[in-house]
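Thanks for coming, everyone. I have one structure to walk through today. Please take a look at it before I start.

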Amino acid sequence: MDWSSFPREKTDCILCGSSSSHLLSVQKTWPVVRCSECGLVYLSERPAEKALTDMYSRAYYEDGDVGYRGYLRTYEKYHDTFMKIFSRRHRDLLHHARGRRLLEIGCAYGFLLDYLGRRGWDVQGVEISPLSSEYARINWGLMCIQGMLNQLTSRNTPTM
Ligand SMILES: [Zn+2]
């Protein structure tokens, strides 16, 4: 995909709000900078919100030139591999987490959340794609909110 024409917006440091930074590298046209104030490494330009919503349409998972083309088929074909990866993630979470509640930001079809939910975790997801968030709700019965993290309100924000 040619990212050079992708709609974008400049952003200040999301941690401290500083607009002072220095360029570290450019990754596929996206400038990676280090904040001069707090040291956070971030993209000084990020995809415009509307463009992101459009990108995560059905095409992202089905036939786009970016994203997870054939994601469901890949999941089924490599199910054992996914299970090994999820098992490792589960071990990592058990080692680092203080509780058994998890909010996955960008949970896609909810495969990991389903895996963890079956192992006693209280799981919830946020997913920008209407297609995949609906899949997660319908197929796994997950609490999966369609939207972006910054769109959560006190009414629909999971309690963690
Ligand atoms: Zn900063």
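I'll go from the overall layout to the two sheets, then to the core and a few single residues.

First, a caution. This is a predicted model. Please keep that in mind throughout.

Let's start with the overall layout. The protein chain holds six helices and eight strands. Starting at the N terminus, the order is β-β-β-β-β-α-α-α-α-β-α-β-α-β. So how much of the chain is buried? Of the 160 residues, 19% are buried. Now contacts. Take those in the chain with a separation of 6 or more: 40% of them join residues 24 or more positions apart.

On to the antiparallel sheet. Three strands make it up, in the order β2-β3-β4, and the sheet is open. Its pairing is antiparallel. Which strands sit at the edges? They are β2, residues 21–27, and β4, residues 41–43. Each of these pairs on one side only. From one strand to the next, the twist averages 30°.

Look at one pair in that sheet. Strand β3 covers residues 30–35, and six antiparallel bridges link β3 with β2. Here is a spot to find on screen: glutamine 27 stands opposite tryptophan 30 in β3.

Stay with β2 for a moment. Leucine 23 lies in this strand. Is leucine 23 buried or exposed? Leucine 23 has 10 C-beta neighbours inside 10 Å, so it counts as exposed. Leave aside the neighbours within four places in sequence, and leucine 23 is in contact with Pro31 and Val33. Valine 41 is 18 residues away from leucine 23 in sequence. In space, C-alpha to C-alpha, the two are 9.5 Å apart.

Next, a residue from the start of the chain. Lysine 10 belongs to strand β1, residues 8–10. Lysine 10 has 10 other C-beta atoms within 10 Å and is exposed. What does lysine 10 touch beyond four places in sequence? It is in contact with Ser44 and Glu45. Lysine 10 and glutamate 45 are 35 residues apart along the chain, yet their C-alpha atoms are separated by 4.3 Å.

Now a helix. Helix α4 runs over residues 79–96, which is 18 residues. From first C-alpha to last, α4 reaches 25 Å. That is close to the 26 Å expected at 1.5 Å a residue. How many residues of α4 are buried? The count is zero, and α4 is hardly covered.

Let's move to the parallel sheet. This open sheet has three strands in the order β6-β7-β8, and the pairing is parallel. Strands β6 and β8 stand at the edges with a single partner strand each, so one side of each has no neighbour in the sheet. Neighbouring strands here are turned by 15° against each other on average, direction ignored.

Why do I call β7 enclosed? Strand β7 spans residues 122–127, and five of its six residues are buried, so the rest of the structure largely encloses this strand.

Follow the pairing across. Strand β6, residues 101–105, pairs with β7 over five parallel bridges. In that pair, leucine 103 stands opposite glutamine 124 in β7. How does the chain get from β6 to β7? The route goes through helix α5, residues 111–117, and the β-α-β crossover is right-handed.

The other side of β7 pairs with strand β8, residues 143–146, over four parallel bridges. Here glutamine 124 stands opposite methionine 143 in β8. This time the chain crosses through helix α6, residues 130–140, and again the crossover is right-handed. Glycine 125 has a bridge partner in β8 too: cysteine 144. Helix α6 packs on the sheet and touches β7 and β8. Its direction makes about 165° with that of β8.

Last topic, the core. Nonpolar side chains in soluble globular proteins tend to be buried together. In this model, the largest nonpolar core has 15 residues. Among those with the most contacts inside it are Cys107, Leu113, Ala136 and Cys144. Which elements give two or more residues to this core? They are α5, β7, α6 and β8. Helix α5 gives the most, with four residues.

Leucine 113 shows this well. Not counting residues up to four places away in sequence, leucine 113 touches Glu104, Cys107, Val123, Gly125, Ala136, Trp140 and Leu142.

That's the tour. I'm happy to go back to any part of it.

Methods:
Residues numbered from 1 in each chain as written. Predicted model: local features only at pLDDT ≥ 70, side-chain atom pairs only at ≥ 80, totals over all residues. Buried ≥ 20, exposed ≤ 12 C-beta atoms within 10 Å, placed from the backbone. Contact = placed C-beta atoms within 7 Å. Pairing = 2+ DSSP bridges. Axes fitted to C-alpha atoms, helices over the stretch in contact; angles between N-to-C directions. Expected span 1.5 Å × (residues − 1). Right-handed = clockwise from strand over helix to strand, strands pointing away. Core = buried A, V, L, I, M, F, W, Y, C linked by C-beta atoms within 7 Å.
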